[in-house]
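Me: I should like to learn how the terms used for a protein model are justified. Please set each value against its definition.

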Amino acid sequence: MLSRAGHGDERAFNTLVLRHSSFVHTIALRFTQNAADADDITQAVFWRLWRQAACWNRGRAQLRTWLYRVTVNRCIDHGRGKGRWRRLFQSGSSAIEPADPAPTAEAQRRAKDDLVRVQNALLKLAPRQRMALFLVAYEGLSGTEAAEAMGTSVGAVEQLLARARKRLRALTEGEVT
C-alpha cells in the first residue's frame, strides 16, 4: 500500500490516511489539548508521508512507528517558541478537568489547585522529558516503543522518564520554581 502511494497512487494514500489518521490525531490532541493544533499536526504528518512514501525503506521501521516518531517531533516543534505550552497550562486553565470531581466544593477546589500545580509543573519539563512521559504514561508505549518513536535509545528514554518524574515531584512539592 505504501509503495503504491509512493508511486503517486492517491487511492492507496487515502487508504493509509483513513487507517492511521485517527491514531495520529489522538496523539496530537492529547499532547496539545487543542483540536485545531492537532488538525494542523495531523495534516503535516500526512503531508510528510505523501512526500516521503516513494523512498520508504520497509526494513528500517514499521509505518506505525514512523508515524509515532514524526507526530512526536511535530508536536514538540509545533509548541516550541510559540508560547503554546504556557497558554495551555496557565493557572486557572480548564484544558484538563479532574477525572472524578470530589463531592464538596472545598474538595473540588483542592483538586483543581492540584491539577493546576501539575499542569504548571508539566510546562516546566523539557519537551523531550514531557514527550517521553506522555508516550509511556498516557499512550502506554513500552520503553522500546517510546525510544523508537523518539529516535533515541531505551536508556535515554529511561533517563528522560527518571528526570521528568524527579522534576515533577520536586515542582509539585514546591522544592523548585
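Me: How many aromatic pairs are counted here?
Reply: The count comes to one aromatic pair. The structure is a predicted model, in which local features need pLDDT of at least 70 and side-chain atom pairs count only at pLDDT 80 or more, while totals for chains, interfaces and linings use all residues. Residues are numbered from 1 along each chain as its sequence is written, and side-chain values use heavy atoms, leaving out hydrogens and water.

Me: Why are Phe-23 and Tyr-68 called an edge-to-face pair?
Reply: Rings of Phe, Tyr and Trp (its six-membered ring) pair if their centres lie within 6.5 Å; planes under 30 degrees apart are stacked, those over 60 edge-to-face and the rest tilted. The two centres are 4.8 Å apart and the planes stand at 90 degrees, so both conditions are met. Phe-23 belongs to helix 2 and Tyr-68 to helix 4, so the pair links parts of the chain 45 residues apart; helices (H or I, at least four residues) and strands (E, at least two) are DSSP runs, numbered from the N terminus.

Me: What makes Phe-23 buried or exposed?
Reply: Buried means under 20% relative accessible area, exposed over 50%, and partly exposed in between (1.4 Å probe, protein chains only). Phe-23 has 10% and therefore counts as buried. Tyr-68, also at 10%, counts as buried too.

Me: How do you know that Arg-30 and Glu-139 form a salt bridge?
Reply: The term requires a side-chain nitrogen of Lys or Arg within 4 Å of a carboxyl oxygen of Asp or Glu. Between Arg-30 and Glu-139 the N to O distance is 3.0 Å, so the definition is satisfied. Arg-30 is in helix 2 (residues 10–32) and Glu-139 in the loop between helix 7 and helix 8 (143–150), so the bridge ties together parts 109 residues apart in sequence. Arg-30, at 42%, is partly exposed, whereas Glu-139, at 18%, is buried. A search of the whole structure finds one salt bridge.

Me: Which residues have the most contacts inside the largest nonpolar core?
Reply: They are Leu-67, Tyr-68, Met-131, Leu-135 and Met-150, in a core of 39 residues. Such a core is a set of buried Ala, Val, Leu, Ile, Met, Phe, Trp, Tyr and Cys residues joined through side-chain atoms within 4.5 Å. Helix 4 gives the largest share of this core, eight residues.

Me: What makes the length of helix 9 agree with its number of residues?
Reply: The expected span is 1.5 Å times one less than the number of residues. For the 19 residues of helix 9 (residues 154–172) this gives 27 Å, and the end C-alpha atoms are 27 Å apart, so the two agree. Its buried residues include Val-157, Leu-160 and Ala-164. Of these, Leu-160 and Ala-164 are in contact (heavy atoms within 4.5 Å) with Gln-129, which is buried at 12% and lies in helix 7.

Me: Where is the pLDDT under 50?
Reply: It stays under 50 over residues 84–102; pLDDT is the predictor's confidence in each residue, from 0 to 100. Helix 5 (residues 84–88) has the lowest mean among the elements, 48, and helix 9 the highest, 91. Where pLDDT is low, the predicted coordinates should not be read in detail.

Key. Lists of a residue's contacts leave out its neighbours within four places in sequence.
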